[in-house]
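Here are my notes on the model, as numbered points. Please read them with the structure open.

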Amino acid sequence: MNRRDFLGLAASCGFVSGWAAGGPRGDKDVERAQTVLAAARSFGTGGGYDRSWGGTGVPVEISHRGRRVLSKAKNGTYCCGFTFAAAMRALEGTRALGKLDADDARAFQKAWYGATKASGERQCAYAVEEFRLGREVDLEDAEAGDFIQIWRRTKKPSGHSVMLLGWVEAGGERLGLTYLSSQGSTDGIGVAFEAFADSGIEGGRVDPERTYAARLDL
């Protein structure tokens with residue numbers, strides 16, 4: 001399968017209505033995924049992409065218990081800023097988030113961004129477990145509404161924090177994924193597709209051995 005065929009297949013697997021491949025399996029899973037997706041979609045699309053990664057990366061101000069955790073980005077969003085904002089909005093009102101004070105919320109943000117030594121590889125998967133806001137799930141079991149930390153097989157280290165919409169599959173083989181995040185190709189928040197490095201798809205770079213999935217407890 002060439003890249004054009006893959007992109008066509010990926011577009012058909014996007015989350016439009018109903019669930020794409022890899023969708024939730026039970027009522028509780030559907031409810032959780034709907035909550036996370038609604039939170040992510042509440043920020044709209046576009047908005048500009050901060051290629052400097054120098055700002056906060058979040059589409060709105062993030063506050064917890066009356067204290068500001070992050071100010072709204074001035075120069076557009078970037079991936080982990082968008083996914084962190086989506087996670088915090090989805091977690092609003094939950095008992096688990098309510099147990100965290102403002103300092104905890106800030107530490108959760110740093111872990112989500114991979115800004116600590118312990119969280120640098122797994123990022124969102126590490127953060128949800130460390131602060132008891134969710135759990136890491138095996139990549140093969142990840143479903144729509146889960147958060148994914150991607151690492152790519154490139155000469156220069158390249159990662160991406162995304163929210164899974166669905167798996168791209170053909171002939172029983174998982175070739176890649178379709179996701180919602182903030183990236184240059186969508187000038188901010190939008191849907192994008194990527195193929196796995198071992199899929200045989202031209203341009204496929206996602207390393208399945210360094211891709212981590214996180215599921216919120218809602």
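Which residues lie nearest the centre of the largest pocket?

1. Pocket centre. This is a predicted model, so please read each point below as a statement about a prediction. Y49, R152, S158, G159 and H160 lie nearest the centre of the largest pocket. Its lining counts 31 residues. The space in this pocket comes to about 850 Å³.

2. Who lines the pocket. Six elements are listed as giving two or more residues each to the lining: α1 (3-12), α3 (79-91), β5 (147-152), β6 (158-170), β7 (173-183) and β8 (188-195). β8 gives the most, with five residues.

3. Lining chemistry. How do the lining residues of the largest pocket divide into nonpolar, polar and charged, and how many are there of each? There are 14 nonpolar residues, eleven polar and six charged.

4. Salt bridges, overall. The whole structure holds eleven salt bridges. The next three points take up some of them.

5. R122 and its partners. R122 meets the side chain of E129 in a salt bridge, at 3.2 Å from N to O. R122 also forms a salt bridge with E136, where the closest N and O atoms are 2.8 Å apart. This second pair links distant parts of the chain. E136 sits in strand β4 (residues 134-137), and R122 is in the loop between α5 (102-112) and α6 (124-130). The two are 14 residues apart. How exposed are the partners? R122 is partly exposed, with a relative accessible area of 23%. E129 is partly exposed at 36%, and E136 is partly exposed at 27%.

6. E169 and R174. The side chains of these two residues meet in a salt bridge, 3.4 Å from N to O. E169 counts as partly exposed, at 33% relative accessibility. R174 is partly exposed as well, with a relative accessible area of 27%.

7. A network. Which residues are joined into one network by salt bridges that share partners? They are D29, R32, E143, D146 and R215. Two of these names, D29 and R32, return in the next point as buried residues of α2.

8. Helix α2. This helix covers residues 27-41, 15 residues in total. From its first C-alpha to its last, α2 reaches 21 Å, close to the 21 Å expected at 1.5 Å a residue. The buried residues in α2 are D29, R32, A33, V36, L37, A39 and A40. Why do they line one face of the helix? Seen down the axis of α2, the buried residues fall within an arc of 160°, so they line one face. On the other side of α2, D27 and E31 are exposed.

9. R68. Buried or exposed, which is R68? R68 is exposed, with a relative accessible area of 57%. Its place is in strand β3 (residues 67-70). R68 and R106 are 38 residues apart along the chain, and their C-alpha atoms are separated by 9.0 Å.

10. Where to look again. Start with the largest pocket and Y49, R152, S158, G159 and H160 nearest its centre. Then turn to R122, with its salt bridges to E129 and E136. Finish on α2, where D27 and E31 are exposed on the other side from the buried face.

Conventions: Residues are numbered from 1 along each chain as its sequence is written. This is a predicted model: local features need pLDDT of at least 70, side-chain atom pairs count only at pLDDT 80 or more; totals for chains, interfaces and linings use all residues. Side-chain values use heavy atoms; hydrogens and water are left out. On a 1 Å grid over the protein atoms alone, a cavity is a set of points where a 1.4 Å probe fits but cannot get out, and a pocket is an open set with protein on both sides within 12 Å along at least five of seven lines; lining residues have an atom within 4 Å of a point. Grid points are joined across faces, edges and corners, and a volume is the space filled by probe spheres set on the points. Helices (H or I, at least four residues) and strands (E, at least two) are DSSP runs, numbered from the N terminus. Ala, Val, Leu, Ile, Met, Phe, Trp, Tyr, Cys and Pro count as nonpolar, Asp, Glu, Lys and Arg as charged, and the others, Gly among them, as polar. A salt bridge is a side-chain nitrogen of Lys or Arg within 4 Å of a carboxyl oxygen of Asp or Glu. Buried means under 20% relative accessible area, exposed over 50%, partly exposed in between (1.4 Å probe, protein chains only). The expected span of a helix is 1.5 Å times one less than its number of residues. The arc is that of the directions from the helix axis to the C-beta atoms.
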